[in-house]
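Grab a pencil and work through a few exercises on the protein shown here. Try each task by yourself, then check the solution under it.

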Amino acid sequence: MVFDALARLAEERVGHRFKGLPPDAADLTVGELAAQRRNLFTGGFTTPVLALSAERLEHNLAALETYAERHGLAFAPHGKTSMAPRLFHRQIERGAWGITLAVPHQVRVAREFGIERVFLANELVDPAALRWIAAEQDADPAFRFVCYVDSVRGVELMDAALDGTSRPVDVVVELAAGEGARTGVRTEAECAAVADAVAAARALRLVGVAGYEGEVPRADPERVRAWLRRLVALAVDFDTAGRFAGLDEIVVSAGGSAWFDAVADVFAEVPELSAPVLKLLRSGAYVSHDDGHYQRLTPFNRVPEEGGLEPAFRLWTQVVSRPSAEQAFTNAGKRDAAYDLDLPVARVVRRDGAERPATGIEVTGLSDQHAWLRTSPEADLEVGDWVGLGLSHPCTSFDKWALIPVAEADGTVVDYIRTFF
């Protein structure tokens, strides 16, 4: 099933639906185009075009696999980052327990491509989606689904929607990261009330606790670790109270892309409970990393001896206007580049097959289809030059591109990543 689903991706026609691909490849399938191993710079690709580095992608996949193994963590990378089934399977091949997702549509994509374990980092109260989840569970005994609960009302809505189902839906109580944080139960007493509601529900089963430390107000190492210890203490209290009786394993989950070192440290302190503990890390942005937000925030900056990540995205855009010595414009903008956290960063310039650093070039703004560049006297830039931009925030980079070439260092395109947003 998995092979067939992934094979269907290779059977899609290239056509006009996918940005940046060679116009003369319009009648080819994605698989046929991949087999040609065209060069990104000389093989007919049009600008703007977003590419992933084959070498850096593989480096990042290996880095988190190694990190999770070293620290005794299970790993369910957040799939909302890429929404790319081919990457989901590469992550699972590199040791991931399953895939984390956020909304029902994303779960449907994952299931279409054979993902057997899904952690939904959200409370799910949509009746139609819950009935579909129940049907998936009934149809596939190997399918493991876990989702948040964060209110008594939510538990009641879930139980009502699932009335009559044969297999309960596994849930974890989400502990909020603090007052003013995003979702989650604010106090331990309220967590107990939610857990009581789950115990009274016929269609739900409590299997653990979870949360997201990235929402800790004024986050710093001390505050993040303090909240993570609250999460571990909640699991211990629930276990002591017998709330996990009869389970084969207890789930304790946290871990975005900014504080997974703190998660590893505190989860190492989890005491022995009544069942083995699945310490589930959910970092997702690592797969492509970036040239801005996560480059600044990655825990590997604090623990460089543990490894590191490399920015795998490069948005290739072309200079279409050079109105003055201080200004230039390229043909990629908000439709093509992430801009919610940081503007793109000019990294390299290509001219006549030669590549050099983008010295003296700064992106100062984005229009829908233009990047505004400020150029200093040392900038060597002409109309027609290709400018390679580094991007900030993977989640809003992947979602602008439905089919992304994967290129080796010399520009040879060896694969294509299909996204589903």
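The exercises below go from the whole chain down to single residues.

This is a predicted model, in which local features need pLDDT of at least 70, side-chain atom pairs count only at pLDDT 80 or more, and totals for chains, interfaces and linings use all residues. Residues are numbered from 1 along each chain as its sequence is written, and side-chain values use heavy atoms, with hydrogens and water left out.

**Exercise 1. The whole chain**

Task: work out how many helices and strands there are, and why the protein can be called as compact as a globular protein of its length.

Step 1. Count the elements: there are 12 helices and 18 strands. Helices (H or I, at least four residues) and strands (E, at least two) are DSSP runs, numbered from the N terminus.

Step 2. Check the radius of gyration, which is taken over C-alpha atoms and set against the globule rule of 2.2 Å times the number of residues to the power 0.38. The protein comes out at 23 Å, close to the 22 Å that the rule gives for 421 residues, so it is as compact as a globular protein of that length.

Step 3. Put a box around the C-alpha atoms: along the principal axes it is roughly 70 × 45 × 35 Å.

Step 4. Look at cover. Of the 421 residues, 57% are buried, where buried means under 20% relative accessible area, exposed over 50%, and partly exposed in between (1.4 Å probe, protein chains only).

Step 5. Look at contacts, meaning heavy atoms within 4.5 Å. Among contacts with a separation of 6 or more, 69% are between residues 24 or more positions apart.

**Exercise 2. The parallel sheet**

Task: find the strand order of the open sheet of 8 strands, and say which strands sit at its edges.

Step 1. Trace the pairing, bearing in mind that two strands pair if DSSP finds at least two bridges between them. The order is 2-9-8-7-6-5-4-3, and the pairing is parallel.

Step 2. Pick out the edges: strand 2 (74-75) and strand 3 each pair on one side only.

Step 3. Zoom in on one pair. Strand 4 and strand 5 run parallel and are joined by 5 bridges; here Phe-119 stands opposite Val-146 in strand 5.

**Exercise 3. Two helices and their cover**

Task: name the buried residues of helix 5 and helix 10, and what packs on them.

Step 1. In helix 5 (residues 104-112), the buried residues are Gln-106, Val-107, Val-109, Ala-110 and Arg-111. Their cover includes helix 4 (85-93), strand 3 (99-101), strand 4 (117-123), helix 6 (127-139) and strand 5 (144-149).

Step 2. Just after helix 5 comes Gly-114, with a positive phi near 80 degrees.

Step 3. Helix 10 (residues 260-267) is mostly covered, with 7 of its 8 residues buried. Those buried include Phe-260, Val-263 and Phe-267, and the buried residues pack against helix 3 (54-70), helix 9 (221-240), strand 8 (250-254) and strand 9 (277-281).

**Exercise 4. A strand with two partners**

Task: which residues stand opposite Val-349 in strand 13 and strand 16?

Step 1. Strand 12 (residues 345-351) pairs with strand 16 (residues 386-390) in the antiparallel sense over 5 bridges. Across that pairing, Val-349 stands opposite Val-387.

Step 2. Strand 12 also runs antiparallel to strand 13 (residues 354-357), with 4 bridges. There, Val-349 stands opposite Arg-356.

Step 3. Look at the turn: the hairpin of strand 12 and strand 13 has 2 residues between the strands, and Asp-352 takes a positive phi near 55 degrees.

**Exercise 5. Odd backbone spots**

Task: are Arg-37 and His-393 buried or partly exposed, and where is the cis peptide bond?

Step 1. Arg-37 lies in the loop between helix 2 and strand 1. It isn't a glycine, yet its phi is positive, about 50 degrees; the residue is partly exposed, with a relative accessible area of 46%.

Step 2. His-393 is in the loop between strand 16 and helix 12 (395-398). Its phi is also positive, near 85 degrees, but at 14% relative accessibility His-393 counts as buried.

Step 3. The cis bond joins Thr-47 and Pro-48, with omega about -5 degrees. Pro-48 is in the loop between helix 2 (30-36) and strand 1 (49-53).
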